[in-house]
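Work through the exercises below with the sequence and the model at hand. Each task is followed by its solution in steps.

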Amino acid sequence: MSLESTLRELGKEIQADPRFKALKEAAAVNDKDEDLQKKMQELQLISLKFQQEATKGEESDSAKIEELQKQYQDLYNEVMQLESMMTYSAAASEMEQMAKYISGMIGLFFDGQDPETCEIPAEDCTHDCTTCGGCH
């Protein structure tokens, strides 16, 4: 099997994983939520207004900037408290963990470790084996 075909098989496995499906479903729910979409547009508008004011340099209105920051943060917090966004965030976090695992394993392969037996070191690994019994 070529590297290309192996990568494509990995892609198929990723897309067949329940975590991938959960993320796609959560995104679809959010895309259909008109209230959420309006709030997301409002966040973009506030962000744009902030950027416009901030780029004025010395002429920028610090009170206006602070108010825009507050508006943005308040609306952002409101959006992130929505059940659909919490579901999406949790699913995205799961996918990030998958990506981190895949990247970590590929890094081990590039380091020459045995693909059949290598393991990703624990998060608290110092890479100084004198602090523990080693990673392998």
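Buried means under 20% relative accessible area, exposed means over 50%, and partly exposed lies in between (1.4 Å probe, protein chains only). The model is predicted: local features need pLDDT of at least 70, side-chain atom pairs count only at pLDDT 80 or more, and totals for chains, interfaces and linings use all residues. Residues are numbered from 1 along each chain as its sequence is written, and side-chain values use heavy atoms, with hydrogens and water left out.

**Exercise 1. Classify D35 and describe its surroundings.**

Step 1. Locate the residue: D35 is in helix α3, which covers residues 34-54. Helices are DSSP runs of H or I with at least four residues, numbered from the N terminus.

Step 2. Apply the classes: D35 has a relative accessibility of 43%, so it counts as partly exposed.

Step 3. Look for a charged partner. A salt bridge is a side-chain nitrogen of Lys or Arg within 4 Å of a carboxyl oxygen of Asp or Glu. D35 makes one with K39, with 3.3 Å between the closest N and O atoms. K39 is buried, since its relative accessible area is 13%.

Step 4. Relate the pair to the helix: D35 and K39 are four residues apart in α3, and therefore about one helical turn separates them.

Step 5. Extend the search: a network of salt bridges links D35, K39 and E78. As for the backbone, the C-alpha atoms of D35 and V79 are 9.8 Å apart, with these positions 44 residues apart in sequence.

**Exercise 2. Which side chains meet D17 and K70 in salt bridges?**

Step 1. Searching the whole structure gives eight salt bridges.

Step 2. For D17 the partner is R19, at 2.8 Å between the closest N and O atoms. D17 counts as buried because its relative accessibility is 16%, whereas R19, with a relative accessible area of 33%, is partly exposed.

Step 3. For K70 the partner is D74, at 2.7 Å from N to O. These two residues lie four apart in helix α4 (residues 62-80), so they are separated by about one helical turn.

Step 4. K70 is partly exposed at 46% relative accessible area, and D74 is partly exposed at 40%.

**Exercise 3. Describe how α1 and α2 are arranged.**

Step 1. Choose the quantities: two packed helices are described by the angle between their axes and the distance between the axes.

Step 2. Axes are lines fitted to C-alpha atoms, for helices over the stretch in contact, and angles between N-to-C directions run from 0 to 180 degrees.

Step 3. Helix α1 spans residues 3-16. Its axis and that of α2 (residues 18-32) come within 5 Å and cross at roughly 60°.

Step 4. Angles under 35 degrees count as roughly parallel, over 145 as roughly antiparallel, 65 to 115 as roughly perpendicular and the rest as oblique. The two helices α1 and α2 are therefore oblique to each other.

Step 5. List the contacts, meaning heavy atoms within 4.5 Å. On the α1 side are I14, Q15 and A16, and these meet P18, F20 and K21 of α2.

**Exercise 4. Place I120 and list its contacts.**

Step 1. I120 is in the segment after α5 (83-110).

Step 2. I120 has a relative accessible area of 34%, so it is partly exposed.

Step 3. With neighbours within four places in sequence left aside, I120 is in contact with Y101, G104, M105 and L108.

Step 4. I106 is 14 residues from I120 in sequence, and their C-alpha atoms are 9.9 Å apart.
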